[in-house]
Amino acid sequence: MDLRQFLMCLSLCTAFALSKPTEKKDRVHHEPQLSDKVHNDAQNFDYDHDAFLGAEEAKTFDQLTPEESKERLGMIVDKIDADKDGFVTEGELRSWIKHAQKKYIYDNVENQWQEFDMNQDGLISWDEYRNVTYGTYLDDPDPDDGFNYKQMMVRDERRFKMADKDGDLIATKEEFTAFLHPEEYDYMKDIVVQETMEDIDKNADGFIDLEEYIGDMYSHDGNTDEPEWVKTEREQFVEFRDKNRDGKMDKEETKDWILPSDYDHAEAEARHLVYESDQNKDGKLTKEEIVDKYDLFVGSQATDFGEALVRHDEF
């Protein structure tokens with residue numbers, strides 16, 4: 001999708017939102033559930049399979065023999081052991097689970113990578129991104145579609161620099177992922193908050209007041225009666241969003257709103273997997289301990305009798 005298509009889509013989404021004033025806009029970033037299955041190990045390990053592999057990848061193991069499942073699981077363990085010390089810790093498992101759950105994000109980055117890496121060096125510079133994204137739009141001071149491309153470019157450059165940890169204006173794949181999906185990275189959360197406040201703070205005083213907060217979610221559009229959820233949001237702002245009761249949200253209050261400290265499902269699942277598999281109770285797992293409990297981590301024809309699916313060899 002090029003910039004013009006993206007902005008057209010954005011315009012249509014905005015128009016759609018304005019045409020449905022009773023439809024609520026949600027800016028809050030919640031961690032998704034690891035699986036829609038019930039977590040009941042006494043019944044089956046379906047939840048654990050989804051959590052460990054991601055729901056789509058978990059399905060591909062259901063057609064494998066136990067031997068094939070163990071072999072592929074061993075290959076996965078080698079990837080999880082980030083420091084290559086022969087052990088898998090809770091932290092490494094947590095990181096793997098989060099990565100597996102965010103596969104759609106990495107797929108999105110892969111789809112865009114070739115478009116921006118113009119010189120095919122395995123990196124994306126700010127110049128490459130700027131030229132591909134904005135190109136000749138910057139030469140037109142008064143574009144037909146009304147968008148301020150220079151202002152958008154300044155905002156993109158600020159985010160790119162934040163994602164670029166070493167400050168060389170050249171992004172690795174991980175840094176480019178942080179640029180495209182900043183809400184997924186702790187070190188990018190300040191820029192998510194800043195951009196959100198800039199979107200909502202119409203009087204540019206550095207705060208979000210009640211009317212700006214409601215105005216971002218709801219357009220009166222000639223209606224005199226507000227939907228019930230708008231009244232509830234007004235109460236939420238007063239009772240919970242505006243913690244210091246000064247009538248507006250500052251940066252920290254906005255951060256608490258859009259990036260709440262949710263329960264860490266990945267951490268809990270990593271702790272559970274270690275507890276169930278750690279035979280010598282040293283707090284970490286060997287490959288042998290994980291493979292011995294392969295049915296907890298992955299499925300196979302011996303443990304799951306789901307429908308046969310087309311097999312692929314991603315791992």
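Rings of Phe, Tyr and Trp, the last represented by its six-membered ring, are said to pair if their centres lie within 6.5 Å. With that in hand, a cluster can be introduced: ring pairs link Trp-113, Phe-116, Trp-126, Tyr-129, Phe-160, Phe-176 and Phe-179. The structure examined here is a predicted model, and the paragraphs below walk through its aromatic rings, two unusual backbone angles and one acidic residue.

A search through the whole structure turns up 16 aromatic pairs. One of them joins Phe-52 and Trp-96, whose ring centres are 6.2 Å apart and whose planes meet at 45°, a tilted arrangement. This pair links distant parts of the chain, with Phe-52 in helix H2 (residues 46-53) and Trp-96 in helix H5 (residues 90-101), 44 residues apart in all. As for solvent, Phe-52 and Trp-96 are both buried.

Rings also meet charges in this model. The charged end of Lys-165 is placed over the ring of Tyr-187, at 4.5 Å from the ring centre. A second lysine, Lys-284, lies over the face of Phe-87, and here the distance to the ring centre is 4.2 Å.

The backbone offers its own points of interest. Most residues other than glycine have a negative phi. Against that background, Lys-84 is worth a look, with a positive phi near 55°. Lys-84 is found in the loop between helix H4 (66-80) and H5. Is this lysine buried or exposed? Lys-84 counts as exposed because its relative accessibility is 57%, and the cut-off for that class is over 50%.

Leu-169 is another residue that is not a glycine and yet has a positive phi, in this case about 60°. Its place is the loop that runs between helix H8 (149-163) and strand E2 (170-171). With a relative accessible area of 32%, Leu-169 is partly exposed, a class that falls between the buried limit of 20% and the exposed limit of 50%.

Finally, Asp-117 invites a closer look. This residue belongs to the loop between helix H6 (103-116) and strand E1 (124-125). Which side chain of opposite charge is nearest to Asp-117? That side chain is Lys-173, at 7.8 Å. A salt bridge requires a nitrogen-to-oxygen approach within 4 Å, and Asp-117, although buried, has none. Apart from neighbours within four places in sequence, Asp-117 is in contact with Gly-122, Leu-123, Ile-124 and Glu-128.

Note on methods
Residues are numbered from 1 along each chain as its sequence is written. This is a predicted model: local features need pLDDT of at least 70, side-chain atom pairs count only at pLDDT 80 or more; totals for chains, interfaces and linings use all residues. Side-chain values use heavy atoms; hydrogens and water are left out. Rings of Phe, Tyr and Trp (its six-membered ring) pair if their centres lie within 6.5 Å; planes under 30 degrees apart count as stacked, over 60 as edge-to-face and the rest as tilted. Helices (H or I, at least four residues) and strands (E, at least two) are DSSP runs, numbered from the N terminus. Buried means under 20% relative accessible area, exposed over 50%, partly exposed in between (1.4 Å probe, protein chains only). A charge sits over a ring if NZ of Lys or CZ of Arg is within 6 Å of the ring centre and within 35 degrees of the ring normal. Lys and Arg count as positive and Asp and Glu as negative; His and the chain ends are not counted. Contact means heavy atoms within 4.5 Å.
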